[in-house]
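Hi everyone, thanks for coming. I'd like to take a few minutes on aromatic rings and what sits around them, so let's bring up the structure.

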Amino acid sequence: MHLTHELELFPDLAVTQMLFKDVRNAAELRQCAVEGKINGALINPTMLVHPFQVLVAANKAVNLHKVGKMKTRSLNSEIIFNLLPTNNISEAFKRFGCSDGDDSVLVVLVHNKDESLLLSDITARVSGRQVPVEEVSSLTDHGKIRKLFKVTQEEEKCGTLLDAVVCRMAIKDVI
Amino acid sequence: MAQEKSMAVPEFLSKAELIKQGAEARVYRAQFLGKPTIVKERFRKRYRHPVLDEKLTHRRTVQEVRSILRCRRAGISVPVVYFVDYTSHCIFLEDVVGSSTVRDHIASTQQSDSCKELVRLAQRVGQILSKMHDEDVIHGDLTTSNMLLRCGLEDGESELFLIDFGLSYISALPEDKGVDLYVLEKAFLSTHPNTEALFERLLKSYAASSKKSSAVLKKLDEVRLRGRKRSMVG
Ligand SMILES: Nc1ncnc2c1ncn2[C@@H]1O[C@H](COP(=O)(O)OP(=O)(O)O)[C@@H](O)[C@H]1O
Ligand SMILES: [Mg+2]
């Protein structure tokens, strides 16, 4: 159900995504993340078009982490920051971070490839139903995303909404 | 972790497939985040002052990705940017899988003598360039190698992509757009012999696709004239 991708640029690292629906304890999960009991980024999946979007954000975060050029204080918050098309950190958390009342959450973990990840540690903490990560597209709020990323109709004629989102994320530093 | 230079990208590229070694950049093909990807790496020029070199290389990288977004917004097909590393000056782009350059396409079609198709292609190029100029994007290096053609899967309609925006900039001046076309004309006619008529069709379609085209084509005429005078003197 989870999705793990080994980062081509950082061969010892992998990114694992887990998606939960019908979540009843989002506030508690957020607290766990703050306290480090969950060492991952908690994301609001309605702002995601596809798991690829998260990979792009995670890869960029790891890269900046390695060279000491992150804009935020931790790798997990950098992932959330990278999902936004602009450079406002609190806005990034508002839009892409998990909020107390959310009933779905996507957990992103960056870990050593060989490290035996205890996914059960995460599932045990979530009061909710784990579903395949690909189902994220059934939760997507397309309207909100189009508005936030300022995607034009013209643009969606030559590419997908995912293309539009990824392109803006990748180059936001110079826009 | 300290402000060290990461070796991640160079190490990754050492295992990638080099597909072009140019004067300014190396182009690689690899798998990245699970997708077929083109990596364009701008390298140092030893003869340039290091600080100036760094600045110029950075600027090219920035110009390239900015123009890509500007074109995409206008609905012009250009590869998606997946990732940019400003330390190694690398752009990770969508690989337009199954495409060939317009240059190769024209060369092979010219041999098989399918004129009608080439005329249609020239018209599409004219259209897309007028759209690009309407967005005030000046490409700066228009050649048929910097256009890709991907044959459509279902409908048979093929898709035309613009690439290589490293020398691009933003300008609304008809003069700049005229020079852009002049650069293409020179490259086009020297790469593809006996295509004067074909290039005329391209310009005709450019003219028909935008309200601003007449001022640009007037400038193109002036630039041509200047070019001729210069070659008479020099
Ligand atoms: N996104 C892409 N998809 C497929 N092929 C590409 C792509 N980008 C570049 N290429 C191939 O690599 C060649 C060189 O790329 P280009 O960006 O034009 O670099 P250069 O500045 O060296 O000319 C192109 O002519 C094309 O054949
Ligand atoms: Mg080129």
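**Rings and their partners**

Let's start with a charge over a ring: in chain A, the charged end of K172(A) sits over the ring of F81(A), 3.6 Å from its centre. Keep in mind that this is a predicted model. There is a second case of this kind to look at, where K35(B) lies over the face of F52(A), at 4.5 Å from the ring centre.

Now to rings that meet other rings. How many aromatic pairs are there over all chains? The count comes to eight. One of them is F12(B) with F92(B), a stacked pair with 6.0 Å from centre to centre and 25 degrees between the planes. F12(B) belongs to helix α1 of chain B, residues 8-14, while F92(B) belongs to strand β5, residues 90-94, so this pair ties together parts that are 80 residues apart in sequence. Are these two buried or exposed? F12(B) has 9% relative accessibility and counts as buried; F92(B), at 0%, counts as buried too.

Next, please find F32(B) and F83(B). Their ring centres are 5.9 Å apart and their planes are at 25 degrees; planes under 30 degrees apart count as stacked, so this pair is stacked. F32(B) comes from strand β2, residues 25-32, and F83(B) from strand β4, residues 81-85, both in chain B, so the contact ties together parts 51 residues apart in sequence. Both F32(B) and F83(B) are buried.

And here is how it fits together: ring pairs link F12(B), F32(B), F83(B) and F92(B) into a cluster. Thanks, and I'm happy to go back to any of these on screen.

Note on methods:
Residues are numbered from 1 along each chain as its sequence is written. Chains are lettered from A and ligands numbered from 1 in the order in which they are written. This is a predicted model: local features need pLDDT of at least 70, side-chain atom pairs count only at pLDDT 80 or more; totals for chains, interfaces and linings use all residues. Side-chain values use heavy atoms; hydrogens and water are left out. Rings of Phe, Tyr and Trp (its six-membered ring) pair if their centres lie within 6.5 Å; planes under 30 degrees apart count as stacked, over 60 as edge-to-face and the rest as tilted. Helices (H or I, at least four residues) and strands (E, at least two) are DSSP runs, numbered from the N terminus. Buried means under 20% relative accessible area, exposed over 50%, partly exposed in between (1.4 Å probe, protein chains only). A charge sits over a ring if NZ of Lys or CZ of Arg is within 6 Å of the ring centre and within 35 degrees of the ring normal.
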